[in-house]
Amino acid sequence: MAPRANWKGFLRLSLVTCPVALYPATSESEKVSFNQLNRKTGHRIKYAKVDADTGEEVDNEDIVKGYKVDTDTFIEVTKEELENVALESTRTIEIDEFVDRSEIDPRYLIRPYYLRPDGKVGHDAFAVIRETIREMNKVAIGRVVLTNREHIIALEPLDKGLMGTLLRYPYEVRAADEYFDDIQDVKLTKDMLDLAKHIVNQKAGHFEPDKFEDQYETALIDLINQKRAGKPITAKARPRGENVVDLMDALRKSIGREDAAATEAPKKSGKKPRKAAAGQKEMLMPIAGKKPAKETAAKKPAAKPQRKSA
């Protein structure tokens, strides 16, 4: 069953309109998260909303938004006033233009969403828009309001649906000049480039996301499981970077190391790499299981593990 939609409205290309729903295409919920605790009591830290001057706690219904003009001056803006800022994109994604995918600078990409027909009607119109974009090999550019802000959204076909990628506005993208101006202009010899290209060819492959595992996430899970089991925690040695004295020598050594790695590769197990998400879920199971007797006795009987079992 599809998760709850972040936005519902209409997709429109000129006079062709259909009801659609927008869903997040990514999730952070599988990652390990931590709560802040009081070291002395072990209790969770609770944050209260208080008046900066009086120090008194403020109820949610008494909290409004304000734009800071100077240190002590704010322009108060109510929820009703914000809702009155009527934008067509609040309820409709109007396709304004079509561009080549290669023209969209990667720095403008924010996050992907899935767009699909909402309900049983409008599937024909949705298919017309989707297949037109596919046949023209273009990306449709429109606007959508999410979390009370208008975003540019780029739409492109993905299987039977559309993938919508939120884009940044120009004022949100920093110019590269201020970061790159101080980089020295270096003349490289053909031999250096040839050696570097050889290393690239040795490492050439295809992008397969399933091959990658979040090593930090795995290390966090191992740490938590070890602490739950009452095992001692030992610090691992950190890798040290080496200063490159002779670039040509470093390139040659790199080639030798890659050659050695390629020779040893067939000796390794022929098992396919585990999917990161599946592997992490498997490792998370001990976290949601029963606690050791000593730990259980130390906690209140009503305490429950915060993470649900995978």
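Here are three short exercises with worked solutions on this predicted model. Residues are numbered from 1 along each chain as its sequence is written, and side-chain values use heavy atoms, without hydrogens and water. Local features need pLDDT of at least 70, side-chain atom pairs count only at pLDDT 80 or more, and totals for chains, interfaces and linings use all residues.

**Exercise 1.** Find where Asn35 is and which side chain its own side chain contacts.

*Solution.* Start with the loop between β2 (16–24) and β3 (65–70), which holds Asn35; strands are DSSP runs of E, at least two residues, numbered from the N terminus. Next, check exposure: Asn35 has a relative accessible area of 33%, so this residue is partly exposed (buried is under 20%, exposed over 50%, partly exposed in between, with a 1.4 Å probe and protein chains only). Finally, look at Arg44: its side chain makes a polar contact with that of Asn35 at 3.5 Å (a pair of N or O atoms within 3.5 Å, one able to donate a hydrogen and the other to accept it).

**Exercise 2.** Decide how the rings of Tyr169 and Tyr171 are arranged.

*Solution.* The whole structure has two aromatic pairs (ring centres within 6.5 Å; planes under 30 degrees apart are stacked, over 60 edge-to-face, the rest tilted). In the pair Tyr169 and Tyr171, the centres are 6.0 Å apart and the planes at 10°, so the pair is stacked. Now compare accessibility: Tyr169 is partly exposed at 21%, while Tyr171 is exposed at 63%.

**Exercise 3.** Place Leu247 in the structure and state its exposure.

*Solution.* Leu247 belongs to helix α6 (residues 247–264); helices are DSSP runs of H or I, at least four residues. With a relative accessible area of 39%, Leu247 is partly exposed.
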